[in-house]
Amino acid sequence: MTATRVLVLNSGSSSVKYQLLDMRDSSRLAVGLVERIGEETSRLKHTPLAGGAESREREEPIADHEAALKAVAQELAADGLGLDSPELAAIGHRVVHGGLKFTAPTVITDEVLAEIERLVPVAPLHNPANITGIRTAQALRPDLPQVAVFDTAFHTTMPEAAARYAIDVRTADEHRVRRYGFHGTSHAYVSRRTAELLGKAPEDVNVIVLHLGNGASASAVRGGKCVDTSMGLTPLEGLVMGTRSGDLDPAVIFHLARVGNMSVDEIDVLLNKKSGLIGLCGDNDMREIRRRVDEGDEEAALAFDIYVHRLKKYIGAYYAVLGRVDAVAFTAGVGENAAPVREAAVAGLEELGLAVDGALNSVRSDEARFISPEYARVAVAVVPTDEELEIAAQTYALVGNRNA
């Protein structure tokens, strides 16, 4: 039997997102989420997408990732899609940080896993959970190829001038301090999909990609390759995010330590979990913020303005980096759904050839589309991201059909 299916796993600290895809036509066979792993009551939602079956939900204690993946395997087996199926070609894992060593999807070996572990200090919130998911999947299917697809890989094409920080070179090299960038699978997919919308090959197109979710990042993509991105050593740098501050003067940290008597751990929590939109106005849901803005809430209005101001700065900066821009693409939860954000981010940039058509911008759709008027010199697009498909495609391209 031909093996054409890929299971994609995205393991977080207390959650596992998964999708099963058939790479013959890139169709989804099942999707699901296990959340609140390790808590008193965990939740698993499983949706089979073939045969018209309905979603199923379970609320029960799920102690750890091993128990979570076993529960996922049970749900898939109930639909005839079990992990023991000979049609399963591989399992693709999202791994947040691959450093400089991993520039492409990689079959996971003991040596690869050890290197991912060595990168934990620069991705302490993400890589440990990714490692747990990998080890659990290996235990369940030790015979199956397991592939790591790295968030950082797409950004390894950045020139040194963009990737290096202006600090002592020896110190930077010793501690691996440089710009790595994240959301790479999304930026890769969206930049390529935008080129398709334009009817051109990726190597002929310059795109600014704006991945705006609770985490947010921008990238400058020239000819299909990333030349700059807003996130840095960690996902904290760059745009204003749901709970992260994004760019700030590094001396703020020294000031808070000396004057505020805050510990390094307290500052870490402040900048990663209590800053950004939630720090500015108490909400990190853009829908709620816009509702408050429309009701005249000044705190929410200022948070929105700060968010957009930073976003607009990056559009202008990456326009300068690229020299010529063919399109600006909005993606992820906020980018795909928040029309006011898109409109505000582009407003006033007409001299750069950017404009948004109000009627097109207000349309809600799951399809990739242009929202700029025909006369605009630079296309503005909304391109729904598909990180799971990108991970599955990269995984399958690497391992191929092992039964062929």
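Here are two short exercises on core packing and one helix pair, with worked solutions.

This is a predicted model, where local features need pLDDT of at least 70, side-chain atom pairs count only at pLDDT 80 or more, and totals for chains, interfaces and linings use all residues. Residues are numbered from 1 along each chain as its sequence is written, and side-chain values use heavy atoms, with hydrogens and water left out.

**Exercise 1.** Find which residues touch the most other members of the largest nonpolar core, and which element gives the most to this core.

*Solution.* Start with the term: a nonpolar core is a set of buried (under 20% relative accessible area, 1.4 Å probe, protein chains only) Ala, Val, Leu, Ile, Met, Phe, Trp, Tyr and Cys residues joined through side-chain atoms within 4.5 Å. The largest one has 43 residues, and Leu212 and Tyr307 touch the most other members. Next, look at the suppliers of at least two residues each: among them are strand E9 (206-212), helix H11 (298-322) and helix H13 (339-346). H11 comes out on top with 11 residues. Helices here are DSSP runs (H or I, at least four residues), as are strands (E, at least two), numbered from the N terminus.

**Exercise 2.** Work out how H11 sits against H13.

*Solution.* First, the axes (lines fitted to C-alpha atoms over the stretch in contact, angles 0 to 180 degrees between N-to-C directions) come within 9 Å and cross at roughly 55 degrees. That makes H11 oblique to H13, as this angle falls outside under 35, 65 to 115 and over 145 degrees. Then list the contacts (heavy atoms within 4.5 Å): Tyr307 and Leu311 are among the H11 residues that meet H13, whose side includes Val341 and Ala344.

Note on methods. Buried means under 20% relative accessible area, exposed over 50%, partly exposed in between (1.4 Å probe, protein chains only).
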